Amino acid sequence: NSLDYRQELNTTGVGINLKVGFIYRVNQMLRLGGAVHTPTRFGLDDSFNSSLNYDFTTDDGQTSDITAESPDGLFEYRLVTPWRVMGNVGVIIGKRGFISGEIEWVDYGSASFNYSEFGDLEREVNREIENTLTQAINLRLGGEVVLDIFQLRAGFQILNSPLTDDDTVNYAYSLGAGLRQRSFFLDIAYRRSILEETYVPYTVDQAPIQYVDNDVTNGNFMLTLGFKF
């Protein structure tokens, strides 16, 4: 009659990395830049549990309801994210605004996990990452127009799939406006992203894997208010 399967996961942790960049002013109008982001080294803790409620009717018409919960689980591990290398160019249009573009290279297949007490599983997961994930090029373009004390902004990005042999491209764009005064500033922005992904809700021994294709659209509004002293 019904089946309700719930999984809860809470991840906490701390990480450290280094970001180094430069900007070279070719002339008053043109700027060139670059940056390198080292891998972030995270120490993470996962706490998790799951529950299942199953309501069914037997062949003789009897209705049964079964509920089961797993014990609370805790798992400690470390994660190293990929390197990132970026290059960008900016064109300043006098006092009327600017246009900027950025290209980013990421080697997703270089990410790795460390499970201190599960060496075999660690090697299996890292081998799967290396075989499944690949390098990707991401592009971003943005600009701003200045109208006296007001600014109008727009941005667009193209994110290539990190999966090997997958040509899926995800997009995001943003619109924003700002107000500048001597004592305060106000910015508002809207960002919309479109993502295609495949999700595996559960796995069962000796049964086909269930795949769910998700088309995810996210919209975020952001408001910033600042005061100058």
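Arg123 and Asp120 lie three residues apart in helix H1 (residues 119–132), so about one helical turn separates them. Helices here are DSSP runs of H or I with at least four residues, strands are runs of E with at least two, and both are numbered from the N terminus. The side chains of Arg123 and Asp120 form a salt bridge, 2.4 Å from N to O; the term denotes a side-chain nitrogen of Lys or Arg within 4 Å of a carboxyl oxygen of Asp or Glu. Asp120 is exposed at 58% relative accessible area, whereas Arg123, at 48%, is partly exposed. Buried means under 20% relative accessible area, exposed over 50%, and partly exposed in between, with a 1.4 Å probe and protein chains only.

I should state that this is a predicted model, in which local features need pLDDT of at least 70, side-chain atom pairs count only at pLDDT 80 or more, and totals for chains, interfaces and linings use all residues. Residues are numbered from 1 along each chain as its sequence is written, and side-chain values use heavy atoms, leaving out hydrogens and water.

By the rule given, there are eight salt bridges. Let me turn to the strands. Arg140 pairs with Glu102 at 3.0 Å, N to O. This contact joins distant parts of the chain, with Arg140 in strand S10 (residues 135–147) and Glu102 in strand S8 (residues 97–107), 38 residues apart. Arg140 also forms a salt bridge with Glu104, at 3.2 Å, N to O. Here again strands S8 and S10 are linked, across 36 residues.

How does accessibility vary here? Glu104 is buried at 4%, while Glu102 is partly exposed at 22%, as is Arg140 at 28%. Finally, a network of salt bridges links Arg84, Glu102, Glu104 and Arg140.
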